[in-house]
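Subject: That structure, plus what turned up

Hi,

Here is the structure I said I'd pass along. Have a look at it first, and then read on for what I found.

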Amino acid sequence: MPTLFLVEFTPTPATADGSRQLIEDIGSATTLIEAQVTADNVRVFAIVEADDAASVERQLSDLAPASAPAEVRLVGADLADVKAARPEAGYLVEWDIPSHIDMDTYLTRKAEKTPLYANIPEVSFLRTYVREDMGKCLCFYDAPDAAAVVRAREIVSTPVNRLHALKGLGA
């Protein structure tokens, strides 16, 4: 089973070209699974495959200001499909998971709640990356607007800590 890591970058410059170049550089340095860029080009969320966090840090440390690599688990999609399609999303929700929720509780709750998205057909839940340390998860959606994403989160009784519109520069 591959190990996936989330690294959050601040592109410099914070432009479409800067984000594009950063994603190319990440892809050259690592096994890039996907990268999503906020609409304002302020953040790039990259999911990479590697043996360990130290190797990710070594490979990416000189590219741009970045978070420490965090091991993540893909939920709601098949890794082979994500690798093959490199699907883009319209919106990303960051949820800071409360400390009383462990991975088993999270996964059980996710399985119970995900079918409820059918109640809001204009929104497509695509996939989630949940940090193994349970610090937060990143949930990707296609939706007509941010308000629809918020309604979808309300339907599954899960808060939104940060909501980002994404632009089509992902890899």
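Start with glutamate 8 and arginine 43: their side chains form a salt bridge, 2.1 Å from N to O. Bear in mind that this is a predicted model. The two partners come from distant parts of the chain, 35 residues apart, with glutamate 8 in strand β1 (residues 3-9) and arginine 43 in the loop between β2 and β3. Glutamate 8 counts as buried because its relative accessibility is 10%, under the 20% cut-off. Arginine 43, at 21%, counts as partly exposed.

Glutamate 8 has another partner too. Its side chain meets that of lysine 136 in a salt bridge of 2.6 Å, N to O. Lysine 136 sits in the loop between β6 (124-131) and β7 (137-142), so this pair ties strand β1 to a part of the chain 128 residues away in sequence. Is this pair buried or exposed? Both glutamate 8 and lysine 136 are buried.

Lysine 136 also bridges to glutamate 94, where the closest N and O atoms are 2.4 Å apart. Glutamate 94 belongs to strand β5 (residues 91-95), so here the tie spans 42 residues of sequence. Glutamate 94 is buried, just as lysine 136 is. Put together, salt bridges with shared partners join Glu8, Arg43, Glu94, Asp96, Lys136 and Arg162 into one network. Across the whole structure, the search finds 12 salt bridges.

While you are in the loop between β2 (31-38) and β3 (44-50), look at asparagine 41 as well. Asparagine 41 is buried, since its relative accessible area is 6%. Its side chain makes a polar contact of 3.0 Å with the side chain of serine 19.

Now the overall fold. What order do the strands take? Eight of them form a closed barrel with antiparallel pairing, running β1-β3-β2-β8-β5-β7-β6-β4. From one strand to the next, the twist averages 35°. If you want to check one of the pairings, β1 and strand β4 (residues 70-75) are antiparallel over three bridges. Within that pairing, leucine 4 has valine 72 of β4 as its bridge partner.

Two helices are worth a look against the sheet. α4 packs on it and touches β4, β5, β6 and β7, with a direction about 175° from that of β6. α5 packs on the sheet as well, touching β5, β7 and β8 (162-167), and its direction makes about 40° with that of β5.

Then there are the nonpolar cores. In soluble globular proteins, nonpolar side chains tend to be buried together. The largest core here has 22 residues, and those touching the most other members are Ile97, Tyr106, Val123, Val130, Met134, Cys137 and Tyr141. At least two residues of this core come from each of β5, α4 (103-113), β6, β7 and α5 (146-155). Which residues does isoleucine 97 touch, leaving aside those up to four places away in sequence? They are Tyr106, Val130, Met134, Gly135, Lys136 and Cys137. So lysine 136 turns up again, as a contact of isoleucine 97. Apart from the largest core lies another, of 16 residues, including Ile23, Ile26, Ala46 and Ala64.

If you open just one spot, I'd pick lysine 136, with its salt bridges to glutamate 8 and glutamate 94.

Cheers

Technical notes:
Residues are numbered from 1 along each chain as its sequence is written. This is a predicted model: local features need pLDDT of at least 70, side-chain atom pairs count only at pLDDT 80 or more; totals for chains, interfaces and linings use all residues. Side-chain values use heavy atoms; hydrogens and water are left out. Helices (H or I, at least four residues) and strands (E, at least two) are DSSP runs, numbered from the N terminus. Buried means under 20% relative accessible area, exposed over 50%, partly exposed in between (1.4 Å probe, protein chains only). A polar contact is a pair of N or O atoms within 3.5 Å; within protein, one must be able to donate a hydrogen and the other to accept it, and residues adjacent in sequence count only if both atoms are side-chain atoms. A salt bridge is a side-chain nitrogen of Lys or Arg within 4 Å of a carboxyl oxygen of Asp or Glu. A nonpolar core is a set of buried Ala, Val, Leu, Ile, Met, Phe, Trp, Tyr and Cys residues joined through side-chain atoms within 4.5 Å. Contact means heavy atoms within 4.5 Å. Two strands pair if DSSP finds at least two bridges between them. Axes are lines fitted to C-alpha atoms, for helices over the stretch in contact, and angles run from 0 to 180 degrees between N-to-C directions.
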